[in-house]
Amino acid sequence: VRQGEFLSIFGPSGCGKSTLLSIIGLLERQTSGTYLLDGQDAGKLDMKGRSKLRNNLIGFIFQNFNLIGEMSVFENVELPLVYRGVPEDERRQRVREALERVEMSHREDHLPSQLSGGQQQRVAVARALVGRPKLLLADEPTGNLDSKNGDAVLHLMHELHQSGSTICMVTHNEEYNSVASRVLHLFDGRIVRETGK
């Protein structure tokens, strides 16, 4: 994944897209080869080193949102910064900036259950952005949304890419590849084709 690009990993269900994204996101180890992330050999890091690298460099957007139901929108977005030990004043400012960016500031005191699916995904995007990651990973980010909300989230990701974010998205929806600068076509765990720059 090149810095500043929007890479789409495309293929049918079961072809290995999410597994590849889990390896890129340091949630799983590769079984062969070398994986360099920001110049570091991720395969040589222990669990603590991988966790630290993941927390500092990677933001995740999951298909199922993975918001904590008992926490407010603000608290959900703030959580990655709490784990990093970011001071409270800075946390508040960064959370407010992230929520403004996804147009969810007006819902910061709401619980996830009080939001629509599209709103929950916007909060999940804010949570991924708040840590200012070098790499944003999106696993079927529109999979649980209707077409209107899915298009809105995709438009938001396109805007993030235009403002300099590096994005790696997994999808099985071919029309969503149009926002990507490069597309890897996966089949049975292998890259069978590459399109784009």
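## Working through a predicted model

With a relative accessible area of only 3%, Cys 15 is buried (under 20% relative accessible area counts as buried, over 50% as exposed and in between as partly exposed, using a 1.4 Å probe and protein chains only). The model is predicted, so local features need pLDDT of at least 70 and side-chain atom pairs count only at pLDDT 80 or more, while totals for chains, interfaces and linings use all residues. Residues are numbered from 1 along each chain as its sequence is written, and side-chain values use heavy atoms, leaving out hydrogens and water.

**Exercise 1. Work out how many disulfides there are, and why Cys 15 is not in one.**

Step 1: Start with the rule, which is that a disulfide is a pair of cysteine sulfur atoms within 2.5 Å.

Step 2: Look for the cysteine sulfur closest to that of Cys 15. It belongs to Cys 168 and sits 13 Å away, which is too far for a bond.

Step 3: Now go the other way. Cys 168 has the sulfur of Cys 15 as its nearest cysteine sulfur, 13 Å off, and is in no disulfide. The count comes to zero disulfides.

Step 4: Check the surroundings of Cys 168 too: at 0% relative accessibility, Cys 168 counts as buried.

**Exercise 2. Find which residues of α1 are buried and what covers them.**

Step 1: Locate α1 at residues 17-24. Helices (H or I, at least four residues) and strands (E, at least two) are DSSP runs, numbered from the N terminus.

Step 2: Go along α1 and pick out the buried residues, which are Lys 17, Leu 21, Ser 22, Ile 23 and Ile 24.

Step 3: See what lies over them. The cover includes β1, β4, β5, β6 (167-171) and β7.

Step 4: Step past the end of α1 to Leu 26, where phi is positive, near 65 degrees.

**Exercise 3. Describe how β7 pairs with β1 and with β8.**

Step 1: Two strands pair if DSSP finds at least two bridges between them. β1 and β7 run parallel and are joined by four bridges. Across this pairing, Ser 8 stands opposite Val 183 in β7.

Step 2: Turn to β8 (residues 190-196), which pairs with β7 in the antiparallel sense over six bridges. Here Phe 187 has Arg 190 in β8 as its bridge partner.

Step 3: Look at the hairpin of β7 and β8, which has two residues between the strands. Asp 188 lies in that loop, and its phi is positive, about 50 degrees, although Asp 188 is not a glycine. Asp 188 is also exposed, with a relative accessible area of 61%.

Step 4: Set this beside β7 itself, which is mostly covered, with five of its six residues buried.

**Exercise 4. Say what lines the largest pocket and the second largest pocket.**

Step 1: Settle the terms. On a 1 Å grid over the protein atoms alone, a pocket is an open set of points where a 1.4 Å probe fits, with protein on both sides within 12 Å along at least five of seven lines; lining residues have an atom within 4 Å of a point. Points are joined across faces, edges and corners, and a volume is the space filled by probe spheres set on them.

Step 2: Take the largest pocket, with a volume of about 660 Å³. It has 26 lining residues, and the closest to its centre are Val 1, Tyr 35, Leu 36, Leu 37 and Leu 135. α1 gives the most to this lining, with three residues.

Step 3: Sort that lining by class: 13 nonpolar, eight polar and five charged. (Ala, Val, Leu, Ile, Met, Phe, Trp, Tyr, Cys and Pro are nonpolar; Asp, Glu, Lys and Arg are charged; the others, Gly among them, are polar.)

Step 4: Move to the second largest pocket, at about 490 Å³. Of its 19 lining residues, Asn 55, Ile 58, Phe 60, Pro 80 and Tyr 83 are the closest to its centre. α3 has the largest share of the lining, five residues. The classes here are 10 nonpolar, six polar and three charged.

**Exercise 5. Decide whether Thr 142 and Glu 103 are buried or exposed.**

Step 1: Thr 142 sits in the loop between β5 (135-139) and α6 (147-162). At 9% relative accessibility, Thr 142 is buried.

Step 2: Leaving out residues up to four places away in sequence, Thr 142 touches Gly 150, Val 153 and Tyr 176 (contact means heavy atoms within 4.5 Å).

Step 3: Glu 103 is in the loop between α4 (88-101) and α5. With a relative accessible area of 59%, Glu 103 is exposed. Its phi is positive, about 60 degrees, although Glu 103 is not a glycine.
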